[in-house]
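Here are my notes for anyone opening this one for the first time. Have the viewer ready and follow along point by point.

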Amino acid sequence: MHPRDETIFALSSGRTPSAIALVRVSGSQAGTALEGLAGKLTQPRLATRVVLHDAESQPIDDAVVLWFPGPASATGEDVAEFHVHGGRAVLASVFASLSKFTDIRPAEPGEFTRRAFENGKLDLTEAEALDDLIHADTDRQRRQALRQLKGLLGDKARDWRARIIEASALIEAGIDFSDEGDVPAELIAPARAKIESLLDEIQAALASRGRGERLREGLVVTIAGPPNVGKSTLMNQLARREVAIVSPHAGTTRDVIEVQLDLDGYPVTVIDTAGIRETDDPVEQEGVRRARARASEADLVLWLSDRPGATHIDESEAPVWMVRNKIDLDANRSDPGNTNRPLAEGPKAEYAISASRGDGIQDLVTGLVSFAHDFFGAGEGGLITRERQRKLLQRSVDALRRSLVVIESSEELAAEELRVAAQALGRLLGRVDVEDILDVIFREFCIGK
């Protein structure tokens with residue numbers, strides 16, 4: 001039997017032990033499995049309390065079961081759900097009992113969602129959104145993923161593809177009636193109008209500058225500076241917990257330390273790096289090299305120092321904020337509050353803080369939130385959330401442009417370019433020639449999804 005024809009099962013809830021665990025079964029033998037463990041096939045879509053038994057009629061658990069005959073199910077196949085107590089022994093007994101049925105096996109990562117996709121319950125953009133929703137760390141990421149799961153991009157792409165096909169049909173009709181004098185011209189004009197309108201809409205989606213992708217990946221902020229200026233202390237202040245070792249000795253941090261933060265719903269990765277200085281220690285040299293590399297890849301660099309001065313991060317193309325630390329030791333400062341304001345010119349800002357005492361930290365956090373707001377863009381994020389989506393939309397745009405160039409001189413070439421544009425949107429939705437990318441996408445899912 002082909003693996004796709006086998007019935008699959010998996011734990012579809014969180015890590016055990018837990019109060020309740022959900023075991024999902026999908027495939028042609030799901031009903032058989034339900035009857036075998038519950039003793040009957042329950043009424044569809046009605047939660048039913050039963051005592052589950054194994055093959056030797058020994059009780060397994062007092063559980064709640066649900067029966068979803070296909071195609072009216074999450075995967076489009078027959079689906080049975082067992083809501084059992086979340087102890088490891090209970091689950092081990094349920095899994096052992098299910099494994100004894102013919103043609104029933106444990107699911108692979110993402111196999112439930114892949115079957116939903118293959119049975120038309122989801123398109124590929126919605127499947128990707130489901131994965132994003134599972135892995136969302138912040139509220140803004142959750143909202144973006146949910147909008148995609150509800151068809152934000154998929155519905156647009158289906159509409160665009162249908163309109164491309166309409167324009168192509170007009171051009172094809174013009175080719176068929178090429179002997180009828182002015183008939184082709186009457187068909188080409190509305191086809192051109194449709195293509196131009198489509199081109200404007202898809203280009204507008206591409207012009208969002210990757211806000212959706214950036215929100216999905218998160219903002220990267222690197223803390224850099226000389227040794228022993230309080231980088232690890234600042235890292236702990238931002239994280240509100242001890243994530244980095246703090247020591248009065250220079251060179252304590254020798255590797256890159258990362259922490260994930262949620263700043264007003266924006267996902268931010270803060271990176272603590274080794275102090276940048278000249279050193280003969282080969283281990284510290286490697287730490288300095290890594291610090292420079294991470295600063296060069298960051299979206300924002302906080303250059304921390306205990307005195308005014310220039311940075312030593314020439315490699316970074318990102319904005320560099322000057323953060324002067326240890327102001328609690330500076331008896332001569334006049335008004336530290338005035339220094340905690342972003343400068344008017346350029347992307348740089350200057351802050352004065354005491355990482356050990358907490359002075360100025362809230363102002364710095366407020367500045368980071370403002371930077372994240374500008375970085376990700378206002379509103380609910382962009383239409384495009386993955387590089388795969390952007391590349392296919394760009395391919396469609398390129399083909400539409402080429403069709404406009406040749407539409408007056410060669411209807412055949414214009415029709416071919418429209419087929420290329422429609423195929424790119426089909427690949428975006430996962431409905432045309434995408435077998436080569438399905439394994440890559442769905443293996444990123446957890447087992448049970």
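What follows is a walk through the sheets, a few helices and some individual residues.

1. A word on the source before anything else: this is a predicted model. Please read every point below with that in mind.

2. Start with the sheet that contains β1. It is an open sheet of six strands, running in the order β3-β4-β5-β2-β1-β6, and its pairing is mixed. At the edges you'll find β3 (48-53) and β6 (104-106); each has a single partner strand, so one side of each is left without a neighbour in the sheet. Going from one strand to the next, the twist averages 30 degrees.

3. For a closer look at one edge, take β3 and its partner. β3 pairs with strand β4 (residues 59-68) in the antiparallel sense, over six bridges. If you want a residue pair to click on, Arg49 sits opposite Val64 in β4. As background, strands of a sheet pair through backbone hydrogen bonds, either parallel or antiparallel.

4. Now move to the sheet that contains β7. Here six strands form an open sheet, again with mixed pairing, and the order is β8-β9-β7-β10-β11-β12. The edge strands are β8 (257-263) and β12 (350-352), and with a single partner strand each, they have one side left without a neighbour in the sheet. The twist from one strand to the next averages 25 degrees in this sheet.

5. Which way do β11 and β12 run relative to each other, parallel or antiparallel? Strand β11 (residues 320-324) pairs with β12 in the parallel sense, over three bridges. Met322 has Glu350 of β12 as its bridge partner.

6. Next, helix α9 (231-239). Eight of its nine residues are buried, so the helix is largely enclosed by the rest of the structure. The buried ones are Lys231, Ser232, Thr233, Leu234, Met235, Asn236, Leu238 and Ala239. What do they pack against? Their neighbours are β7, β8, β9 (266-272), β10 (300-305) and α12 (361-376). Just after α9 comes Arg240, with a positive phi near 60 degrees.

7. Leading into that helix is a loop worth a stop. Val229 lies in the loop between β7 (219-224) and α9. Is Val229 buried or exposed? Its relative accessible area is 3%, and buried means under 20%, so Val229 counts as buried. Not counting residues up to four places away in sequence, it touches Leu304, Ser305, Asp306, Asn325 and Lys326. Arg324 is 95 residues away from Val229 in sequence, yet their C-alpha atoms are 9.0 Å apart in space.

8. One of those contacts, Ser305, can be viewed from its own side. Ser305 is in strand β10 and is buried too, with a relative accessible area of 11%. Setting aside residues up to four places away in sequence, Ser305 touches Val229, Val323, Arg324 and Asn325.

9. Then there's the helix pair α4 and α5. Their axes come within 8 Å and cross at roughly 155 degrees, which makes α4 roughly antiparallel to α5. The crossing is left-handed. From α4, the contact is made by Glu126, Ala129, Leu130, Asp132 and Leu133; from α5, by Arg142, Ala145, Leu146, Gln148 and Leu149.

10. Two residues from this pair deserve a click. Ile134 lies in α4 (residues 124-134) and, at 36% relative accessibility, counts as partly exposed. Its C-alpha is 9.1 Å from that of Cys446, although the two are 312 residues apart along the chain. Gln141, in α5 (residues 139-149), is buried at 9% relative accessible area. Leaving aside neighbours within four places in sequence, Gln141 is in contact with Ala136, Leu215, Arg216, Gly265 and Pro267.

11. Last, a length check on helix α13 (residues 387-406). With 20 residues at 1.5 Å each, α13 should span 28 Å, and its end C-alpha atoms are 29 Å apart, which agrees. Its buried residues include Leu392, Leu393, Val397, Ala399, Leu400 and Leu404. Polar names are among the buried ones as well: Arg388, Gln389, Arg390, Ser396 and Ser403.

Methods. Residues are numbered from 1 along each chain as its sequence is written. This is a predicted model: local features need pLDDT of at least 70, side-chain atom pairs count only at pLDDT 80 or more; totals for chains, interfaces and linings use all residues. Side-chain values use heavy atoms; hydrogens and water are left out. Two strands pair if DSSP finds at least two bridges between them. Helices (H or I, at least four residues) and strands (E, at least two) are DSSP runs, numbered from the N terminus. Axes are lines fitted to C-alpha atoms, for helices over the stretch in contact, and angles run from 0 to 180 degrees between N-to-C directions. The expected span of a helix is 1.5 Å times one less than its number of residues. Buried means under 20% relative accessible area, exposed over 50%, partly exposed in between (1.4 Å probe, protein chains only). Contact means heavy atoms within 4.5 Å. Angles under 35 degrees count as roughly parallel, over 145 as roughly antiparallel, 65 to 115 as roughly perpendicular and the rest as oblique. A crossing is left-handed if the near helix is turned anticlockwise from the far one by less than a right angle, and right-handed if clockwise.
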